[in-house]
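Biologist: Before we discuss any detail, could you show me the model and its sequence, please?

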Amino acid sequence: MFSTKNLSPQQLSAITAFIIAAPISAAIYYFHPVWYVPVLSFIIICLGSYRMILFMVQRFVYRKIKLIYKLIYQTKASKREEFYYKNILPQKSIDEVREDVETWAEQRKAEIEVLKKNEVYRKEFLQNLSHELKTPIFAIQGYVDTLINGALENPEVNMKFLNSTSRNIDRLVNLLDDLDEISKLERGEQQLYKENFVIQELVKDVYESLLIKAEKKQIRMVIKKGCEVPLSVFADKEKIRQVLINLVENAIKYGKQNGTIEASAYKIDGKQILIEISDDGNGIAEEHLDRIFERFYRTDLARSRKVGGSGLGLAICKHIIEAHNQAMHVRSAIDVGTTFGFTLESKKDQ
């Protein structure tokens with residue numbers, strides 16, 4: 001069956017003109033049966049109808065469509081876009097225009113969903129930031145008020161309160177430093193000083209710097225068997241040190257007593273090295289894994305407050321790795337343990 005679904009305005013105008021001209025020419029031939037009269041009439045009526053119908057379609061229908069496109073793109077038309085509106089747009093079928101509008105509507109819907117999700121994250125971030133700031137500020141306020149109200153003269157409590165105040169001030173400073181660093185990373189203001197270095201040697205340095213913390217929980221820190229062969233990477237050594245320190249510290253904080261932290265490194269494709277830090281602690285529930293790298297996001301609020309930290313460590317790690325144009329991931333299961341991994345560029349030839 002004949003369908004007008006995908007006809008252009010020109011085709012639609014031509015078909016309509018033919019439908020108008022054919023019966024009129026047939027009627028003329030009926031009353032004046034000279035062959036050239038209805039033929040000339042058909043040609044004149046068909047051409048005239050075609051031009052008039054096409055003009056009406058382009059003048060009224062496509063003028064409205066042009067307005068729709070302008071509302072969709074919400075920008076002032078450039079010369080190229082004006083050429084499109086005048087020459088390309090009239091060639092489109094109504095169905096193609098409908099598809100364009102539906103595509104735009106889907107994009108807008110997706111954007112709105114993202115904005116809603118970002119709004120939820122923003123509210124959570126502000127709430128968490130407020131809590132992180134209030135905790136040390138209220139503690140400092142309490143200690144200072146107590147000292148002012150007479151405890152300063154009591155040698156048994158004044159140094160204790162002053163030391164506690166100092167610790168909370170340090171916590172505030174660390175929080176602000178972390179916020180400043182993550183802001184610079186997001187804005188791309190942190191410069192990377194890349195060099196070739198052996199990743200296993202850096203892991204050993206990090207292990208050594210955190211040995212005392214690990215020994216308090218009798219946690220062993222090892223390099224996985226089979227991953228001892230030196231692998232060189234091309235990255236900012238101090239930034240990667242910061243990432244490794246954060247991951248190993250987290251593994252110590254949330255790892256179990258007498259547990260094990262295991263580092264591994266693998267060559268992927270000659271161009272990338274995969275580094276992983278694993279622990280055999282309590283693990284992270286699956287519903288938290290998608291959000292673990294968000295600022296201040298905590299899987300266990302009470303426990304996280306107890307072990308300390310700004311809640312920005314993993315977010316900073318992710319930004320550092322992404323600044324290297326690489327990716328970071330996490331795998332975890334309850335009562336099995338957690339593995340954080342990231343890729344780095346393989347050694348560059350000098």
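The questions and answers below concern confidence and the surroundings of one helix.

Modeller: This is a predicted model, in which local features need pLDDT of at least 70 and side-chain atom pairs count only at pLDDT 80 or more, while totals for chains, interfaces and linings use all residues. Residues are numbered from 1 along each chain as its sequence is written, and side-chain values use heavy atoms, leaving out hydrogens and water.

Biologist: In which helix is confidence lowest?

Modeller: We judge this by pLDDT, the predictor's confidence in each residue, from 0 to 100, which has a mean of 79 over the chain. Where pLDDT is low, the predicted coordinates should not be read in detail. Confidence is highest in helix H6 (residues 199-209), at 94, and lowest, at a mean of 47, in helix H9 (residues 301-307).

Biologist: How many residues of H10 are buried?

Modeller: Helices here are DSSP runs of H or I with at least four residues, and strands are runs of E with at least two, numbered from the N terminus. Buried means under 20% relative accessible area, with a 1.4 Å probe and protein chains only, and the buried residues of H10 include Leu314, Cys317 and His319. H10 is mostly covered, the number of buried residues among its 11 being 8.

Biologist: Which residues of H10 make the contact with H8?

Modeller: The axes, which are lines fitted to C-alpha atoms over the stretch in contact, come within 10 Å for helix H8 (residues 237-254) and helix H10 (residues 313-323). Contact means heavy atoms within 4.5 Å, and H8 contributes Lys239, Ile240, Gln242, Val243, Asn246, Leu247 and Asn250. On the side of H10, the residues are Gly313, Leu314, Ile316, Cys317, Ile320 and Ile321.

Methods:
Axes fitted to C-alpha atoms, helices over the stretch in contact; angles between N-to-C directions. Buried < 20%, exposed > 50% of the residue type's maximum accessible area, 1.4 Å probe, protein only.
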